[in-house]
Amino acid sequence: MTPQKWTSILLATLVLFTSQASFSQTDRTVKRNIATVLFASLGGAVLGLSTLSFYGEPQEHTENITLGALVGFVSGVGYVAYDSSRPTSPSYDYSQAFDQDQKSRRVLASMAKTPPMIQFQFDF
């Protein structure tokens, strides 16, 4: 086996066995995750394409496009994996808990404001 195969097998084993349990998120859908990975891959391919202008013979370096797409794909998958492993922040809806509508919540919020301890007033 070549050193590249050993490195890839070691990296894959490391990722599989050291991963944490993930938590599901309600706002992340499969469609949105696929779009994130797709656009990251497309962005990487565009960046790889933009490097061709730095070569005297750009047709000999077209593998930069596929390498950029691969780096974008890996970064997109990494971002989706990281984002889906974070727990969701709790969201509270107080209007249902207290059975109040929007107008009465505004009135209660304005009444709950305390006056400042020090007030300045300038008259001319």
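Begin by selecting Leu 67, Leu 70, Val 71, Phe 73, Val 74 and Val 77, which together make a nonpolar surface patch of about 540 Å² in this predicted model.

From that patch, keep Val 74 selected and colour the element to which this residue belongs, helix 3, which covers residues 63–85. Is Val 74 buried or exposed? The relative accessibility of Val 74 is 52%, and because exposed means over 50%, Val 74 counts as exposed.

Next, add helix 2, residues 30–50, to the selection, and look at how its axis passes that of helix 3: the two axes come within 6 Å and cross at roughly 150 degrees. Since angles over 145 degrees count as roughly antiparallel, this makes helix 2 roughly antiparallel to helix 3. Turning the view so that one helix lies in front of the other, one can also check the handedness, for the crossing of helix 2 and helix 3 is right-handed.

With both helices still displayed, select Ser 41 together with Val 74 and draw a line between their C-alpha atoms: the two residues are 33 residues apart in sequence, and the C-alpha to C-alpha separation is 8.0 Å in space.

Finally, clear the selection and colour the whole protein by secondary structure, which comes to five helices and zero strands, so that the elements, followed from the N terminus on, run α-α-α-α-α. If the view is then recoloured by accessibility, what share of the 124 residues is buried? Buried residues make up 13% of the 124 residues in the protein, where buried means under 20% relative accessible area.

Conventions. Residues are numbered from 1 along each chain as its sequence is written. This is a predicted model: local features need pLDDT of at least 70, side-chain atom pairs count only at pLDDT 80 or more; totals for chains, interfaces and linings use all residues. Side-chain values use heavy atoms; hydrogens and water are left out. Patches are made of residues with over 30% relative accessible area and no salt bridge: like charges are joined within 9 Å, nonpolar side chains (Val, Leu, Ile, Met, Phe, Trp, Tyr) within 5 Å. Accessible areas come from the Shrake-Rupley method with a 1.4 Å probe; for residues, only the protein chains shown count as cover. A salt bridge is a side-chain nitrogen of Lys or Arg within 4 Å of a carboxyl oxygen of Asp or Glu. Helices (H or I, at least four residues) and strands (E, at least two) are DSSP runs, numbered from the N terminus. Buried means under 20% relative accessible area, exposed over 50%, partly exposed in between (1.4 Å probe, protein chains only). Axes are lines fitted to C-alpha atoms, for helices over the stretch in contact, and angles run from 0 to 180 degrees between N-to-C directions. Angles under 35 degrees count as roughly parallel, over 145 as roughly antiparallel, 65 to 115 as roughly perpendicular and the rest as oblique. A crossing is left-handed if the near helix is turned anticlockwise from the far one by less than a right angle, and right-handed if clockwise.
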